Amino acid sequence: MSDKITAENLIESLVDTFVEKKKSVPFFEGDKSDSVGSQINRLFGREKPVHHILGGGKSADVLLWRNKKISASVLTSATVIWVLFEWLNYHFLTLLCFALVIVMLAQFLWSNASGFFNRQPSDVPRLVLPEELFVNIATVVGGEVNRGLRFLQDAACGGNLKQFLIVVGALFAGAVIGSWCNFISVIYIGFVAAHTLPVFYEKYEDEVDNFVYKVFGQMQHHYRNLDASVLSKIPKGKGKKHE
């Protein structure tokens, strides 16, 4: 008889994506024991440290607050930018023009200060951005965009139903969040989450893993009750037998 994708198998497959157990226990059978913390391994089947999963290097150090001054400076800068655009309703062109005016005013005073004090004119420092900076930014942004596109296409064409449903659900969640606030706020929320959730999880990973597994344990319990009281009483159609 040909295999069929049932609701139980589908939900079990989705749950196994988030929680990797030390014992192979089907989701809809469950363990009768109340001690669920002993069966949990790590979320998403993680075996490597959080720092390694985040890519290592300086970027992971910033996200995990290895250098608190740099991490605090980055988060503070993002907060200031968000306040300027979201709360004070500034526009990018407005801030850019104000910044250029301040820079030009500083250079004007610097270059003409010698005349007021009867001194020889001093050389005003010129700000020149290296071309390699823009090339590196374009390369990094282009690489990340292409990697995201490859991931979406692999999820759509790879034949992995579990991964496909998770990606679609994440995109729908992003669409719903985007309807609640504008793009800048969404970026800021993601930026703050990236600088707070990893370090929180690294510090309390055992407690978080146990809590998540207990939530899925409650889902098992509620499904068993629903299956015993409702689903098992629904008559099922007879499938055709295959020789």
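Reader: Which residue forms a salt bridge with R147?
Author: The model is predicted, so local features need pLDDT of at least 70, side-chain atom pairs count only at pLDDT 80 or more, and totals for chains, interfaces and linings use all residues. Numbering starts from 1 along each chain as its sequence is written, and side-chain values use heavy atoms, with hydrogens and water left out. A salt bridge is a side-chain nitrogen of Lys or Arg within 4 Å of a carboxyl oxygen of Asp or Glu. With its closest N and O atoms 2.7 Å apart, the partner of R147 is E144.

Reader: In which helix do R147 and E144 lie?
Author: Helices (H or I, at least four residues) and strands (E, at least two) are DSSP runs, numbered from the N terminus. R147 and E144 are 3 residues apart, about one turn of the helix. Both lie within residues 131-157, which form helix 6.

Reader: Is E144 buried or partly exposed, and at what relative accessible area?
Author: Buried means under 20% relative accessible area, exposed over 50% and partly exposed in between, with a 1.4 Å probe and protein chains only. E144 counts as partly exposed because its relative accessible area is 43%.

Reader: How many salt bridges does a search of the whole structure find?
Author: Side chains of opposite charge can pair when their charged atoms come close. R147 with E144 is one such pair, and E202 with R66, at 3.0 Å between the closest N and O atoms, is another. For the whole structure, the search gives a count of 2.

Reader: How many residues apart are E202 and R66?
Author: E202 is in helix 8 (residues 183-203), while R66 is in the loop between helix 3 (57-63) and helix 4 (68-87). E202 is partly exposed at 27% relative accessibility, and R66 is partly exposed at 44%. The pair links distant parts of the chain, and its separation in residues is 136.

Reader: Which pattern does the protein chain follow along the sequence?
Author: Its secondary structure comes to 9 helices and 2 strands. Of its 243 residues, 16% count as buried. Read along the sequence, the pattern is α-β-β-α-α-α-α-α-α-α-α.

Reader: Which helix gives the largest share of the largest nonpolar core?
Author: A nonpolar core is a set of buried Ala, Val, Leu, Ile, Met, Phe, Trp, Tyr and Cys residues joined through side-chain atoms within 4.5 Å. The largest one here has 6 residues: V50, L64, Y201, V208, V212 and F216. Its largest share, 3 residues, comes from residues 205-229, that is, helix 9.

Reader: How far does helix 9 reach from its first C-alpha to its last?
Author: Its buried residues are V208, D209, V212, Y213, F216, G217, Q220 and Y223. The expected span of a helix is 1.5 Å times one less than its number of residues. Helix 9 has 25 residues, and the reach, close to the expected value, is 36 Å.

Reader: Which residue caps the N-terminal end of helix 7?
Author: The 20 residues of helix 7 (residues 161-180) should span 28 Å, and the end C-alpha atoms are 29 Å apart, which agrees. A polar contact is a pair of N or O atoms within 3.5 Å; within protein, one must be able to donate a hydrogen and the other to accept it, and residues adjacent in sequence count only if both atoms are side-chain atoms. At the N-terminal end, the backbone nitrogen of K162 lies 3.2 Å from a side-chain oxygen of the capping residue, N160.

Reader: The backbone oxygen of which residue lies 2.9 Å from a polar atom of the side chain of H195?
Author: H195 is in helix 8. It counts as buried because its relative accessibility is 5%. The backbone oxygen at 2.9 Å from its side chain belongs to F191.

Reader: What is the angle between the planes of W82 and W87?
Author: Rings of Phe, Tyr and Trp (its six-membered ring) pair if their centres lie within 6.5 Å; planes under 30 degrees apart count as stacked, over 60 as edge-to-face and the rest as tilted. By this rule there are 3 aromatic pairs. W82 and W87 are 5.6 Å apart centre to centre, and their tilted planes meet at 55°.

Reader: Which residue joins W82 and W87 in one aromatic cluster?
Author: W82 is buried at a relative accessible area of 16%, whereas W87 is exposed at 61%. The residue that forms one cluster with them is Y188.
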